Amino acid sequence: MKNKPSNKNQACLIFERCWPYLACFVISVFLYSYESTPYIQRMFESINNTVFLTAMLTSLSIIFGFLLTAFTSILQSASEPIKLLREYGRFKELVQYNKEAVICIFISVIMTSLFLLINNTSSNCIFNVFKSCWIISILLSTFLSYRFLYIFYKLI
């Protein structure tokens, strides 16, 4: 039997669902607002490093594989925490969190691969927009993956 969540629990659930997007938005606005500072400019310039991009691609690919493996083990699990999640109707949310993280990581892998291919150090407008979208996808991938993994490890 499902219990109706209290207002406090409702607020926590909304925060749980939205914080990765809010954090990504806040950091993106911060980076945009302070892009003229020397530290942020150096950070943006160092993104063009092929070694960094290759390491990022490798890391994203490993996380992508881990998220898929974790998802498979959750689906096949008959553990008590998973049974409780199913009973309280929160199992679909956990699956949705994994799905969001996997899709975002996949997009980040594709964008990182494209970034490696074009690796343009010029400052044309289209490349700068692509670079900004890439940074946002990396940030969002990080936060979405963290959200899922945080919940996943609490279940173990």
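The paragraphs below lead through this predicted model, from its overall build to single residues. Local features are given only where pLDDT is at least 70, side-chain atom pairs count only at pLDDT 80 or more, and totals for chains, interfaces and linings use all residues. Residues are numbered from 1 along each chain as its sequence is written, and side-chain values use heavy atoms, with hydrogens and water left out.

The secondary structure of the protein comes to six helices and zero strands, so that, read along the sequence, the pattern is α-α-α-α-α-α; here helices (H or I, at least four residues) and strands (E, at least two) are DSSP runs, numbered from the N terminus. Taken along the principal axes, the C-alpha atoms fill a box of roughly 60 × 35 × 20 Å. Of the 156 residues in the protein, 33% are buried, where buried means under 20% relative accessible area, exposed means over 50%, and partly exposed lies in between, with a 1.4 Å probe and protein chains only. The protein exposes about 10,000 Å², of which carbon and sulfur atoms supply 68%; such accessible areas come from the Shrake-Rupley method with a 1.4 Å probe, and for residues only the protein chains shown count as cover. Among the contacts with a separation of 6 or more, residues 24 or more positions apart account for 78%, a contact being heavy atoms within 4.5 Å.

One way to see how the helices come together is to follow a packed pair. Two packed helices are described by the angle between their axes and the distance between the axes. Helix α3 (residues 50–76) and helix α6 (residues 125–155) pack at an angle of about 35 degrees, with their axes 11 Å apart; the axes are lines fitted to C-alpha atoms, for helices over the stretch in contact, and the angles run from 0 to 180 degrees between N-to-C directions. The crossing of α3 and α6 is left-handed, a word used if the near helix is turned anticlockwise from the far one by less than a right angle, whereas a clockwise turn is called right-handed. On the α3 side, the residues that make the contact include F52, L53, M56, L60 and L67, and on the α6 side they include W134, I138, S145, F148 and L149.

Helix α5 (residues 91–118) offers several residues to look at one by one. S108 lies in helix α5 and counts as buried because its relative accessibility is 0%. Not counting residues up to four places away in sequence, S108 touches L60, W134, S137, I138 and S141. N98 is also placed in helix α5, and its relative accessible area of 2% is why N98 counts as buried. Leaving aside neighbours within four places in sequence, N98 is in contact with L67, F71 and F148. From C-alpha to C-alpha, N98 and L149 are 8.6 Å apart in space, although 51 residues separate them in sequence.

The next topic is charge. Side chains of opposite charge can pair when their charged atoms come close. A search of the whole structure finds four salt bridges, each defined as a side-chain nitrogen of Lys or Arg within 4 Å of a carboxyl oxygen of Asp or Glu. In one of them, E16 pairs with R90, the closest N and O atoms being 2.6 Å apart. Because E16 lies in helix α1 (residues 7–33) and R90 in the loop between α4 (80–87) and α5, this pair ties together parts that are 74 residues apart in sequence. In another, E93 pairs with R17 at 3.2 Å between the closest N and O atoms, which links E93 in helix α5 to R17 in helix α1, 76 residues apart. R90 also forms a salt bridge with E93, with the closest N and O atoms 2.9 Å apart, and E16, R17, R90 and E93 are thus linked in a network of salt bridges. Within this network, E93 counts as buried at 16% relative accessibility, while R90 is partly exposed at 26% and R17 is partly exposed at 35%.

R147, found in helix α6, is buried with a relative accessible area of 2%. Leaving aside neighbours within four places in sequence, R147 is in contact with E16, R17, W19, P20, Y97 and E100.

Finally, on the surface, I103, F106, I107, I110, L114, L117 and I118 form a nonpolar patch with about 670 Å² of accessible area together. Patches are made of residues with over 30% relative accessible area and no salt bridge, with like charges joined within 9 Å and nonpolar side chains (Val, Leu, Ile, Met, Phe, Trp, Tyr) within 5 Å. I118 belongs to helix α5 and counts as partly exposed because its relative accessibility is 47%.
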